[in-house]
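Thanks for coming. I will walk through one structure today, from its inside to its charged pairs. Please have the sequence and the model open.

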Amino acid sequence: MALPLVRGCRWSRLPSVRNAANACYAGHYVFTRPVRRRLSPLLPASASPVRTYSSDRGGQKQNQKVVFVGIPNPFIWFRTRFYYFLIRAYFDKEFSIEEFTEGAKQAFSHVSRLLSQCQFESLEGLVAKDLVEKLEEKCKLLPASHKKALSADPDEIMYSTPGDVGIYYDDNGRKFVSILMRFWYMTSARLPDDNMEGARIFLVALAEEREVESKQLLTANYEFRREFTKGVPPDWTITRIEHSKLLD
């Protein structure tokens with residue numbers, strides 16, 4: 001299945017790689033309206049506009065708004081934008097972080113669903129081969145509730161932000177760019193509270209507040225990597241997958 005990412009980009013397999021530095025984030029708060037509990041501070045990099053969350057019960061569509069409020073870390077903000085400039089100047093003049101982010105969200109939703117369903121063969125060409133083998137070993141040990149929580153429906157992704165950006169050269173002169181994406185998404189999977197430190201639980205009011213549904217807000221980190229060596233197809237692949245407290 002071909003997934004859109006950046007113009008002219010497809011997916012391919014590449015060796016796994018870890019970034020040399022981890023992203024740092026400033027504090028944010030998340031609220032829902034109507035709210036039963038204010039969530040604890042989260043850690044994205046920049047403020048986001050209001051995101052609407054909808055539920056349909058009994059023919060009535062109720063809209064819940066999720067708001068991210070905060071101040072970005074100025075060092076990380078300037079650093080990542082400097083790297084975006086380098087990518088456009090020396091690797092791909094048509095590179096757009098906005099287009100990349102939108103494509104990464106689609107890839108995250110698709111790959112997380114395949115992981116949840118343990119369809120590891122379908123990950124070929126999307127995720128690095130050695131990473132697929134590690135994920136298969138971990139997923140086999142997960143209970144059904146944790147597997148369900150891995151899946152992020154596109155409508156359940158509340159927020160996404162680019163994190164660390166890296167530019168690498170190997171001994172043979174091959175050039176690589178990696179972009180770490182962080183996602184916040186909601187799940188209705190029933191997870192034990194004692195094993196989900198860092199997850200935020202809140203209630204979503206439905207049908208004019210006559211009924212409530214419990215939701216958890218989870219985080220995931222996906223690293224995307226592409227080789228920019230001349231003559232190499234412009235393919236992105238996922239080389240790192242982390243679901244907080246699910247795939248530790």
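I start with the inside. The largest nonpolar core has 46 residues. The ones with the most contacts inside this core are Phe 100, Val 111, Leu 115, Val 127, Tyr 222, Phe 224 and Ile 241. Where does this core draw its residues from? At least two residues each come from helix 1, helix 2, helix 3, helix 4, strand 5, strand 6, strand 8 and strand 9. Helix 2 gives the largest share, 8 residues. There is also a second, separate core of 5 residues, and among them are Met 158, Trp 184, Met 186 and Leu 217.

I should say that this is a predicted model. Please keep that in mind for every value I give.

Now the overall layout. The protein has 4 helices and 9 strands. Reading from the N terminus, the order is β-β-β-β-α-α-α-α-β-β-β-β-β. The protein has 248 residues, and 50% of them are buried. As for the surface, about 12,700 Å² is exposed, and carbon and sulfur atoms supply 50% of that area. What about contacts along the sequence? If we take contacts between residues at least 6 apart in sequence, 70% of them join residues at least 24 apart.

Next is helix 3, residues 129–139. Which of its residues are buried? They are Leu 131, Val 132, Leu 135 and Cys 139. These four cover an arc of only 100 degrees around the axis, so they sit on the same side of helix 3. As general background, an α-helix has 3.6 residues a turn, so residues three or four places apart point the same way. What does the buried side of helix 3 pack against? Its buried residues pack against helix 2, residues 97–116, helix 4, residues 144–150, and strand 9, residues 235–243. The face turned away from that buried side carries the exposed residues Lys 129 and Glu 137.

I move on to two strands. Strand 5 and strand 6 pair in the antiparallel sense, over 10 bridges. How well covered are they? In strand 5, 10 of the 13 residues are buried. In strand 6, residues 175–187, the count is 12 of 13. Two of the bridges can be followed by name. Val 165 has Ile 179 in strand 6 as its bridge partner, and Pro 162 has Met 181. The two strands form a hairpin with 5 residues between them, where Gly 173 takes a positive phi near 85 degrees.

The last topic is charge. Side chains of opposite charge can pair when their charged atoms come close. How many salt bridges does a search of the whole structure find? The search finds 6. I will go through three of them.

One is between Asp 164 and Arg 79, with 2.6 Å from N to O. Asp 164 is in strand 5, residues 157–169, and Arg 79 is in helix 1, residues 74–90, so this pair ties together parts that are 85 residues apart in sequence. Are the two partners buried or exposed? Asp 164 has a relative accessibility of 4%, so Asp 164 counts as buried. Arg 79 has a relative accessible area of 24% and is partly exposed.

Another joins Glu 136 and Lys 140, whose closest N and O atoms are 3.8 Å apart. Here Glu 136 is partly exposed, with a relative accessible area of 29%. Lys 140 is at 58% relative accessibility, so Lys 140 counts as exposed.

The third on my list is Asp 170 with Arg 174, at 3.6 Å from N to O. Asp 170 is partly exposed at 26% relative accessibility, and Arg 174 is also partly exposed, with a relative accessible area of 30%. Which residue joins them in a network? Glu 227 does: Asp 170, Arg 174 and Glu 227 are linked in a network of salt bridges.

To close, two points to take along. Helix 2 supplies the largest share of the largest nonpolar core. The salt bridge of Asp 164 and Arg 79 ties strand 5 to helix 1. That is the end of my part.

Terms used: Residues numbered from 1 in each chain as written. Predicted model: local features only at pLDDT ≥ 70, side-chain atom pairs only at ≥ 80, totals over all residues. Heavy atoms only, no water. Salt bridge = Lys/Arg side-chain N within 4 Å of Asp/Glu carboxyl O. Buried < 20%, exposed > 50% of the residue type's maximum accessible area, 1.4 Å probe, protein only. Arc of directions from axis to C-beta. Contact = heavy atoms within 4.5 Å. Areas by Shrake-Rupley, 256 points an atom, 1.4 Å probe, with all protein chains shown as cover. Pairing = 2+ DSSP bridges. Core = buried A, V, L, I, M, F, W, Y, C linked by side-chain atoms within 4.5 Å.
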